[in-house]
Amino acid sequence: MCDQGLQVTPVKKNKRGEVIRSKKKKLVINLYKNKKENEPNILYKQLIKELMNETGIGKNSIEKIISEYNTNKPISSPIMKRVRPKIIEVINDFYKNAIRQKVHSFWLNHDPPTLDKIVNAASKDDSLPKLKRTTMYNLLKDLNYVYTKRKRNSVLSEGEDLVIWRRNYLRSIKKFREEGRTLYYLGETWCNDNSQKLWVENTIKSNSDLLQKKLSSASNSANKNKDYIIIIHIGSREGFVKGGLHCLEFKTNINDYLKEMNGEKFLEWFKNILPLLNDNAVIIMDNALYHNTKTEQIPDSSWKKENIMKWLQEKNVQVNDTFVIAELLDLVRKHKSAYDKYVVDEVAKAENKIVLRIPPYHSELNPIELAWSIVKGYVRNKNTTFKMNDVKQLLFEGVKSVTSEDWRNAEDYTINEEAKFWEVDDIVDDFMDDEYSCIFKDESSDDMSSDCSDM
């Protein structure tokens, strides 16, 4: 048994891979010493089990800590080597969306965009980070742009997969409007108590301005540890859905908010709002990871052969030991469409509603972004105490301040943006109608500069 003076408080189980620092190591050693002193005949296996239950630390880590103690090694936290992320890894979605819009603006002006044109346009925008040419090249590649050589010039065009996704989305939403179905737009945002620095203007301006303001404000504070609120809501042309607002408070770096909002928490909220929506409605959302939890995992090249065979056999696909992995994966591709589904889609379908996903980095297609700007503007203008409880109350008031007219204006703006996408794709199509060859080079290619000299 432990001494009366030793306070032992069970903790949550350590996450896999989580660093065990000196404070926890000392807790393990103190517990170990007390148990050995008070129960000298305790079996080693039982001792480890009790330490695991009382500390939440795994078996291997417990045994390693005890071994280090018994060999008189000093107790210390592991030295954490700070890895500085590459700039391409920290560019946020607002910036990516703003860059994509700049590319589209060139096409809309019938001025085929090149790498140098985009670098130059971004450098003149004070609200955007200044990127070197190679970094911009990699960013555009990440945004699914390809460099297409036509005659002697190389221009930027979007990859076929993204174009197809967007065209399918535009056709679907046009069809749903013609059918008179209610369109609900779902979205998330975040805030903290320092609204003067973080929150955007409450006027509905061009989406490019909106995104740039979000980027500028967020970049000043994203790395500071503060109290944050993640806000989830849903609305239509009639306004925000009553009872749909959900707030999640947490203390962390905003870049880690995905750890707080996961598929399970999102699904719980999603199930609660479905009864509040009109029958036969369409729910429009983006591609956040927690929106896209699959009903089951589909085999890929990382799976072991026996597990791929097992999955196929469970689907009544005939396979045997003569099949190699390539053949098995080919069978998976042919049969996966019936099983490759999202949890929220199936939950919505059971309630006679469907989910439609916006293509990546197309936030101007979601009018809730403009509704958020009104909410945040309200809080910014009213916030005088900068206390989280007061901010939260103002947030509720801000949501109520968004009228159905505001929502209609926001969706009308979105409809205009949809029309621009139809136009951009047609312009690009006409331009590319002549013979061309794609010369998309790997970023590590030594001759990128020569091949892309005209970009």
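A residue counts as buried when its relative accessible area is under 20%, and by this criterion 43% of the 455 residues of the protein chain are buried in the predicted model described here. The chain is built from 19 helices and 9 strands, and about 25600 Å² of it is exposed, of which carbon and sulfur atoms supply 47%. Among the contacts in the protein chain with a separation of 6 or more, 73% are accounted for by residues that stand 24 or more positions apart.

Charged side chains are paired at many places, for the structure holds 26 salt bridges. One of them joins Lys59 and Glu63, whose side chains meet with a distance of 3.1 Å from N to O. Because Lys59 and Glu63 are 4 residues apart in helix 3 (residues 59–70), about one helical turn separates them. Lys59 has a relative accessibility of 43% and therefore counts as partly exposed, and Glu63, with a value of 24%, is likewise classed as partly exposed.

A second salt bridge within a helix is found in helix 18 (residues 404–431), where Glu417 and Lys420 lie 3 residues apart, about one turn of the helix. Their side chains meet at 3.3 Å, N to O. Here the two partners fall on opposite sides of the cut-off for burial, which is set at 20%: Glu417 counts as buried because its relative accessibility is 8%, whereas Lys420, with a relative accessible area of 38%, is partly exposed.

Arg100 and Glu364 also form a salt bridge, with the closest N and O atoms 3.0 Å apart. This pair links distant parts of the chain, since Arg100 belongs to helix 5 (residues 93–108) and Glu364 to the loop between strand 8 (354–357) and helix 16 (368–382), at a separation of 264 residues. Arg100 is counted as buried because its relative accessibility is 1%, and Glu364 is also buried, with a relative accessible area of 2%. Beyond these pairs, a network of salt bridges links Glu158, Arg166, Arg167, Asp425 and Asp426.

Two of the helices already named, helix 5 and helix 18, pack against each other. Two packed helices are described by the angle between their axes and by the distance between those axes. For helix 5 and helix 18 the angle is about 65° and the axes are 9 Å apart, and the crossing is left-handed. On the side of helix 5 the contact is made by Arg100, His104, Trp107 and Leu108, which meet Lys420, Phe421, Glu423, Val424, Ile427, Val428 and Phe431 of helix 18. The residues of this contact divide into 7 nonpolar, 1 polar and 3 charged. Arg100 and Lys420 thus appear in the packing of the two helices as well as in salt bridges, Arg100 with Glu364 and Lys420 with Glu417.

Helix 18 also contains Trp407, which counts as buried because its relative accessibility is 1%. When neighbours within four places in sequence are left aside, Trp407 is in contact with Tyr185, Gly235, Ser236, Arg237, Gly239, Phe240, Pro367, Ile368, Ala371 and Val402. One of these partners, Phe240, is 167 residues away from Trp407 in sequence, while the C-alpha atoms of Trp407 and Phe240 are 8.2 Å apart in space.

Methods: Residues numbered from 1 in each chain as written. Predicted model: local features only at pLDDT ≥ 70, side-chain atom pairs only at ≥ 80, totals over all residues. Heavy atoms only, no water. Salt bridge = Lys/Arg side-chain N within 4 Å of Asp/Glu carboxyl O. Buried < 20%, exposed > 50% of the residue type's maximum accessible area, 1.4 Å probe, protein only. Axes fitted to C-alpha atoms, helices over the stretch in contact; angles between N-to-C directions. Left-handed = near helix turned anticlockwise from the far one by under 90°. Contact = heavy atoms within 4.5 Å. Nonpolar A, V, L, I, M, F, W, Y, C, P; charged D, E, K, R; others polar. Areas by Shrake-Rupley, 256 points an atom, 1.4 Å probe, with all protein chains shown as cover.
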